[in-house]
Amino acid sequence: LNLWPGHPNALAPGKRPCITLTPTLVTTLGGDPVLGISVAGGDYQEQVGLQVLLNHLVFKLDPRTAVNAPRFG
């Protein structure tokens with residue numbers, strides 16, 4: 001979202017803003033950090049972030065493999 005007139009992501013009627021910030025910090029119940037990730041742009045940011053987290057935390061893939069693993073849509 002941008003307030004500069006003429007910018008491709010400018011605020012305007014009928015436009016859907018594109019925000020590309022999805023920082024995620026996973027902590028223990030005690031608040032100790034476990035993992036931090038962020039997913040770049042697009043309409044599937046939350047789904048991709050969740051799949052990467054599940055790949056790493058549930059399916060025990062190392063971080064590189066968790067990111068590169070095939071995703072379901």
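Is Gly-42 buried, partly exposed or exposed? Let's work that out first, then try a few more exercises on this predicted model.

**Exercise 1. Place Gly-42 and classify it by its accessibility.**

Step 1: Find the residue. Gly-42 sits in the loop that links β2 to α1.

Step 2: Get its value, which is 40% relative accessibility.

Step 3: Compare that with the cut-offs: buried is under 20%, exposed is over 50%, and partly exposed is in between. So Gly-42, at 40%, counts as partly exposed.

Step 4: Check a distance while you're there. Thr-28 is 14 residues away from Gly-42 in sequence, and their C-alpha atoms are 29 Å apart in space.

**Exercise 2. Describe how β1 and β2 pair up.**

Step 1: Look at the direction. β1 and β2 (residues 33–37) run antiparallel, and four bridges join them.

Step 2: Pick out some partners. Thr-24 faces Ile-37 of β2, while Val-26 has Leu-35 as its bridge partner in β2.

Step 3: Turn to the connection. The hairpin has five residues between its strands, and one feature here is Gly-31, with a positive phi near 95°.

**Exercise 3. Check the length of α1, then see what covers its buried residues.**

Step 1: Count and span. The helix has 13 residues and stretches 18 Å from first C-alpha to last.

Step 2: Compare with expectation. At 1.5 Å a residue you'd expect 18 Å, and the helix comes close to that.

Step 3: List the buried residues. They are Gln-45, Val-48, Gly-49, Gln-51, Val-52, Leu-53 and Asn-55.

Step 4: Ask what lies over them. The cover includes β1, β2 and α2.

**Exercise 4. Which residues does Asn-55 touch, leaving aside its neighbours within four places in sequence?**

Step 1: Locate Asn-55, which belongs to helix α1.

Step 2: Classify it. Its relative accessible area is 12%, and buried means under 20%, so Asn-55 is buried.

Step 3: Name the contacts. With those neighbours set aside, Asn-55 is in contact with Lys-60, Leu-61, Ala-66 and Ala-69.

**Exercise 5. What is unusual about the phi of Lys-60?**

Step 1: Recall the general pattern. Most residues other than glycine have a negative phi.

Step 2: Look at this one. Lys-60 isn't a glycine, yet its phi is positive, at about 60°.

Step 3: Add the setting. Lys-60 lies in the loop between α1 and α2. Its relative accessible area is 65%, so Lys-60 is exposed.

**Exercise 6. Which residues make the nonpolar surface patch, and which helix gives the most to it?**

Step 1: Collect the members. Val-34, Leu-50, Leu-54, Leu-57, Val-58 and Phe-59 form a patch of about 540 Å².

Step 2: Find the main contributor. Helix α1 (residues 45–57) gives the most, with three residues.

Step 3: Zoom in on one member. Phe-59 is in the loop between α1 and α2 (63–68), and with a relative accessible area of 57% it is exposed.

**Exercise 7. Place Arg-16 and say how far it is from Gly-49.**

Step 1: Arg-16 comes in the segment before β1 (24–27).

Step 2: Its relative accessibility is 62%, so Arg-16 counts as exposed.

Step 3: Arg-16 and Gly-49 are 33 residues apart along the chain, with 21 Å between their C-alpha atoms.

Key. Residues numbered from 1 in each chain as written. Predicted model: local features only at pLDDT ≥ 70, side-chain atom pairs only at ≥ 80, totals over all residues. Heavy atoms only, no water. Helix = DSSP H or I, 4+ residues; strand = E, 2+ residues; numbered from the N terminus. Buried < 20%, exposed > 50% of the residue type's maximum accessible area, 1.4 Å probe, protein only. Patch = residues over 30% accessible without salt bridge, like charges linked within 9 Å, V, L, I, M, F, W, Y side chains within 5 Å. Areas by Shrake-Rupley, 256 points an atom, 1.4 Å probe, with all protein chains shown as cover. Salt bridge = Lys/Arg side-chain N within 4 Å of Asp/Glu carboxyl O. Pairing = 2+ DSSP bridges. Expected span 1.5 Å × (residues − 1). Contact = heavy atoms within 4.5 Å.
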